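Welcome, and thanks for taking a look at this structure with us. Here is a short briefing to help you find your way around.

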Amino acid sequence: MNSNNYCIILAGGIGSKLWPMSHSSKPKQFLDLFTTGRTMLQLTYDRYAHFVPRENIFISTYKDYADLVREQLPEVGESQIVLEPLQISTAPAIALTLMHIIARNPEANVISAPADQLVYNHAAFEQQLSEGLALLGETDGFIAIGIKPTRPATSYGYLQAGEEVKDGFFRLKSFTEKPDIDFARLFCESGEFYWNTGIFLWNAQTMLRALSKDYPGLEKMALQMNDKTDFAKYADIVSEQYPRIRFQTVDTLILEHTTNVYIAPCTFGWADVGSWKNYYDLRGKDAEGNVMDNMRHLLYSCNDNLLNIASDKVVILQDLEGYMVVENDKVLMVCKKDDPAFIRRIMNDARMKFGDDIM
């Protein structure tokens with residue numbers, strides 16, 4: 001393993017698109033969504049620990065989830081868990097974690113990745129990302145992992161590939177975040193576009209320069225960081241300054257605000273667990289197309305449903321087709337599973353009527 005290689009696993013969101021199974025007190029990254037015995041966070045950590053030194057893997061998460069991270073990843077050192085005072089998206093989270101990495105290694109090469117994805121070919125994954133990390137030694141650019149779209153989806157960002165700059169790496173020509181269906185269809189037909197996976201590779205100094213454009217004073221703060229930095233004192237400064245930081249995703253920061261971006265077309269099987277539709281598509285199903293965990297059930301003329309119910313209950317359903325029946329300790333939701341807009345409306349209506357407590 002190369003001691004100059006680092007990884008940031010982004011695990012601070014509330015996973016609202018999988019509400020109510022994923023909720024604010026235990027979001028999807030801390031759930032065993034695929035009944036493997038490992039949560040999404042644990043699976044992500046396992047994946048990177050194969051080729052990144054374990055002491056170089058950092059978990060960026062919201063302060064309220066610190067105990068969940070400690071419980072699920074007891075092997076991760078306390079200094080490797082970086083806590084956000086507020087949930088204001090992934091660019092500020094990266095900036096905060098970058099300070100910890102720079103204190104150890106100002107020239108680190110870093111992978112930043114969400115904690116809610118699946119990878120099927122681990123050998124190809126390790127090889128491609130290792131090649132990407134090696135390329136960072138030859139360029140001051142960012143590398144974005146893209147995957148060829150399988151359908152005209154509106155829930156992904158689209159990366160347009162320009163000229164090939166090195167075997168398997170292409171210059172980013174344009175980026176479109178979540179286009180409408182007509183543009184998504186054109187993008188798929190053109191053959192020039194890739195879905196943005198949200199996995200990025202970059203050098204610490206490259207990211208620091210990009211962040212400094214939107215977060216003045218960050219570079220000055222970074223220059224003061226070293227292996228003797230008092231992070232307890234630093235945490236007080238962060239708690240004071242963090243609420244003033246602008247909301248921004250790392251995807252927007254890299255893909256819209258910088259020009260030195262390269263696309264690496266995905267060579268491994270990849271899936272995003274970003275919506276109920278994705279989750280249903282990825283799960284194993286019975287002969288009638290129903291998805292359910294190891295629950296006691298009786299189903300009569302039920303097809304293409306998604307069931308996620310507490311295991312101590314017996315579930316009995318009749319004549320249900322294309323529905324999701326999902327619960328947590330506060331909410332039971334029964335609705336059509338293939339209408340994400342209506343699911344968002346349900347969530348917003350429930351929050352307005354019953355308060356944030358049910359989230």
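The protein chain carries 35 positive and 47 negative charges, and the mean positions of the two sets are 3 Å apart. Please keep in mind as you explore that this is a predicted model. The points below start with the chain as a whole and then visit individual places in it.

**The chain as a whole**

- The secondary structure of the protein chain is made up of eleven helices and 17 strands.
- How does the radius of gyration fit that of a compact globule? A compact globule of 359 residues would come out near 21 Å, and the protein chain agrees, because its own value is 21 Å.
- Measuring along the principal axes gives a box of roughly 65 × 50 × 40 Å that the C-alpha atoms of the protein chain fill.
- Burial applies to 54% of the 359 residues.
- Among contacts in the protein chain with a separation of 6 or more, 66% link residues that are 24 or more positions apart.
- The protein chain has an accessible surface of about 16,700 Å², and carbon and sulfur atoms make up 50% of that area.

**Cysteines**

- How many disulfides does the structure hold? The count is zero.
- As general background, a disulfide is a covalent bond that ties together the sulfur atoms of two cysteines.
- For C7, the closest cysteine sulfur belongs to C266 and is 16 Å away, so the two are too far apart for a bond. C7 itself is buried, because its relative accessibility is 0%.
- C335 gives a similar kind of example: its closest cysteine sulfur sits in C302, and the 15 Å between the two sulfurs is too far for a bond. C335 is buried too, with 4% relative accessible area.

**Helix 1 and the loop residue A115**

- Why is helix 1 described as largely enclosed by the rest of the structure? Helix 1 spans residues 40–49, and eight of its ten residues are buried.
- Those buried residues are M40, L41, Q42, T44, Y45, R47, Y48 and A49.
- A115 belongs to the loop that runs between strand 4 (109–114) and strand 5 (117–119).
- Is A115 buried or exposed? A115 is buried, because its relative accessibility is 2%.
- Setting aside neighbours within four places in sequence, A115 touches a set of residues that includes M40, L41 and T44, and these three are among the buried residues of helix 1. The other contacts of A115 in that set are I9, L10, A11 and Q29.
- A115 and I59 are separated by 56 residues in sequence, while their C-alpha atoms are 9.3 Å apart in space.

**Helix 9 and helix 10**

- Helix 9 covers residues 250–257 and has six of its eight residues buried, so this helix is also largely enclosed by the rest of the structure.
- The buried residues of helix 9 are V250, D251, T252, L253, I254 and L255.
- N278 is found in helix 10, which covers residues 276–282. N278 is buried, because its relative accessibility is 8%.
- Which residues does N278 contact, apart from neighbours within four places in sequence? They are R151, Y156 and D272.
- N278 and D338 are 60 residues apart along the chain, and 10.0 Å separates their C-alpha atoms.

**Backbone details to look for**

- The peptide bond that joins W19 and P20 is cis, with omega at about 5 degrees. P20 is located in the loop between strand 1 (5–10) and helix 1.
- K178 is a residue other than glycine with a positive phi, near 45 degrees. You can find K178 in the loop between strand 8 (169–177) and helix 5 (181–190), and K178 counts as partly exposed at 42% relative accessibility.
- S301 is a residue other than glycine with a positive phi, near 55 degrees. The loop that holds S301 runs between strand 13 (296–300) and strand 14 (306–308).
- Where does S301 stand, buried or exposed? S301 counts as exposed, because its relative accessibility is 55%.

Notes: Residues numbered from 1 in each chain as written. Predicted model: local features only at pLDDT ≥ 70, side-chain atom pairs only at ≥ 80, totals over all residues. Heavy atoms only, no water. Helix = DSSP H or I, 4+ residues; strand = E, 2+ residues; numbered from the N terminus. Rg over C-alpha atoms; globule rule 2.2 N^0.38 Å. Buried < 20%, exposed > 50% of the residue type's maximum accessible area, 1.4 Å probe, protein only. Contact = heavy atoms within 4.5 Å. Areas by Shrake-Rupley, 256 points an atom, 1.4 Å probe, with all protein chains shown as cover. Lys, Arg positive; Asp, Glu negative; His and termini not counted. Charge placed at Lys NZ, Arg CZ, Asp CG, Glu CD. Disulfide = S-S within 2.5 Å.
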